Structure formats: C-alpha cells, structure tokens
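Grab a pencil and work through these exercises with the model open beside you. Try each task before you read its solution.

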Amino acid sequence: SPFRFDRVVDEERLSAAIHYDTTHAGWKLSGGYDLLGKEPIDVVGSLRWRFSSGLNMQMQTAYSIADSDWIYTVATVQYIPSDSFSVQLGARYDMQTKSPERVDAAFQWDLQGWRVAYAAIYDGTDNEFDLGDLTITRDLGCRVIDLRYDQTRKEVWLEYRIPAFPAASVKLGATEQHLMFDAKGWEEVLAIE
C-alpha cells in the first residue's frame, strides 16, 4: 500500500477475566493466551475483604501455566478505624526464590496535638531498608515542631515550621560524624514592604 498507516496488525493477546464483588468481599480471576508467542498468559487471582471495623485485606497471586509454577503472592492489610489512627502493611513474596521481595509498613497515630508516624520499605532482594522514617510531630496551632529519625541514612532531624509558609523551615540534624543546619525559605516570611 502507498499509505503509511495501512497495514495488517496481528492481535497479540486473548484475555479473559471473571469477577464477583459485594460491599464486603470480592474475588477476581484472569488469564489468557499470547497468540504471537503461542503460550498461555499467567493466571492471576485476587481476593479482598472489607470489614465495618475499618479492617481491609487483599491478596493476589499469579501462576504460570507455561512454566507450571507459582510466580508471586502479594498481601496487604489496612486497619483504619478512625481519622486519627491507621496501620498499613503489605508484602510481596517471590515464589520462585522462596523469599520476600518487598515489605511495606506505615503507621500513624494522632492524639491531642501530637502525631507519631512511621513508614518503612524493606527490599528483600538486596536485604536492606529503602525507607525507614520515624516522625514525632507536635502541632502548636500556627507552628509545628518535628523530630524525625531517618533509619536508612542514620540521621536525626529537629525541624521548626510555620504551616502558613510551607517553604520556610529551620532544621537541625545530626549523624554519627557531624551536625547539619538548614534554614531556607524565610525570605517570604521576613520580607518588609
């Protein structure tokens, strides 16, 4: 054909999925066939549960028909009973290497002007934390003071902020070797017209 966009495109995949959902639970199963590669696509199954107490759980797993082997399993749990408290956990397990590939965790608790929060990501492949952040926050209305520990960098920071000027902060940090100081964004706060 003399026209650039006139061509025959082979359909690459045939996919199918079946699912069932209610307010509190559900499941899904999907799979298919790769027409060009002439092999089945991995079968993926997932389940979810939601409880009125604020607890939510999900699980997903994949099976390779071509290799006759399980590939991975992922599970997440969330417990959020109120706006002031939450716990979230998630993990991905590699069925081929029989080891955890990644684990995520997050925790937050607000109580009378204080907030305690922790977030972490563990990389099972490299056997190290990609994220580990513990924060204690004191909200004084128009001023906020944070005490933060960065687990991956082994740093402790004390920060003073004014929420009305989000770019302005004063930070004092420390590691095992040295002290750090950072004060930026105060030009807007101290500007005199």
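**Exercise 1: a first salt bridge**

Task: Which residue forms a salt bridge with Arg92, and how far apart are the closest N and O atoms?

Solution: The partner is Glu101, and the closest N and O atoms are 3.3 Å apart. Keep in mind that you're looking at a predicted model. To check the pair, use the cut-off: a side-chain nitrogen of Lys or Arg must lie within 4 Å of a carboxyl oxygen of Asp or Glu. Next, look at accessibility. Arg92 has 30% relative accessibility, so it counts as partly exposed. Glu101 has 27%, so it is partly exposed too.

**Exercise 2: the wider search**

Task: How many salt bridges does a search of the whole structure find? Then work out whether Arg102 is buried, partly exposed or exposed.

Solution: The search finds six salt bridges. One of them joins the side chains of Arg102 and Asp104, with 2.7 Å from N to O. For the second part, recall that buried means under 20% relative accessible area and exposed means over 50%. Arg102 has a value of 40%, so it is partly exposed. Try its partner as well: Asp104 comes out at 25%, so partly exposed again.

**Exercise 3: a bridge between strands**

Task: Which strands hold Asp146 and Arg161, and how many residues apart in sequence are the parts they tie together?

Solution: Start with the pair itself. Asp146 and Arg161 form a salt bridge whose closest N and O atoms are 2.9 Å apart. Asp146 sits in strand S10 and Arg161 in strand S11 (residues 155-162), so the pair ties together parts that are 15 residues apart in sequence. Now check how open each end is. Asp146 is buried, because its relative accessible area is just 3%. Arg161 is partly exposed at 26%.

**Exercise 4: strands side by side**

Task: In which sense do S10 and S11 pair, parallel or antiparallel? Which residue in S11 stands opposite Val144?

Solution: S10 and S11 pair in the antiparallel sense, over seven bridges. Opposite Val144 you'll find Arg161. The two strands form a hairpin with four residues between them, and Lys154 in the turn has a positive phi of about 55°. Carry on along the chain: S11 also pairs antiparallel with strand S12 (residues 165-174), again over seven bridges. A hairpin joins S11 to S12 through two residues, and Val156 stands opposite Ala174 in S12.

**Exercise 5: Arg148 and its neighbours**

Task: Where is Arg148, and what joins its side chain to that of Thr135?

Solution: Arg148 is in strand S10 (residues 144-150). Its side chain and that of Thr135 are joined by a polar contact of 3.2 Å. Thr135 lies in strand S9 (residues 128-139). With a relative accessible area of 9%, Thr135 is buried, while Arg148 is partly exposed at 29%.

Now compare sequence with space. Arg148 and Leu134 are 14 residues apart in sequence, yet their C-alpha atoms are 5.7 Å apart. Leaving out residues up to four places away in sequence, Arg148 touches several others, including Leu134, Val156 and Trp157. Do the same for Thr135, and its contacts include Arg115, Asp146 and Arg148.

**Exercise 6: one for the road**

Task: Is Ser86 buried or exposed?

Solution: Ser86 is buried, because its relative accessible area is 14%. Ser86 lies in strand S6 (residues 85-94). Among the residues Ser86 touches, beyond four places away in sequence, are Tyr79 and Phe107.

Note on methods: Residues are numbered from 1 along each chain as its sequence is written. This is a predicted model: local features need pLDDT of at least 70, side-chain atom pairs count only at pLDDT 80 or more; totals for chains, interfaces and linings use all residues. Side-chain values use heavy atoms; hydrogens and water are left out. Buried means under 20% relative accessible area, exposed over 50%, partly exposed in between (1.4 Å probe, protein chains only). Contact means heavy atoms within 4.5 Å. A polar contact is a pair of N or O atoms within 3.5 Å; within protein, one must be able to donate a hydrogen and the other to accept it, and residues adjacent in sequence count only if both atoms are side-chain atoms. Two strands pair if DSSP finds at least two bridges between them.
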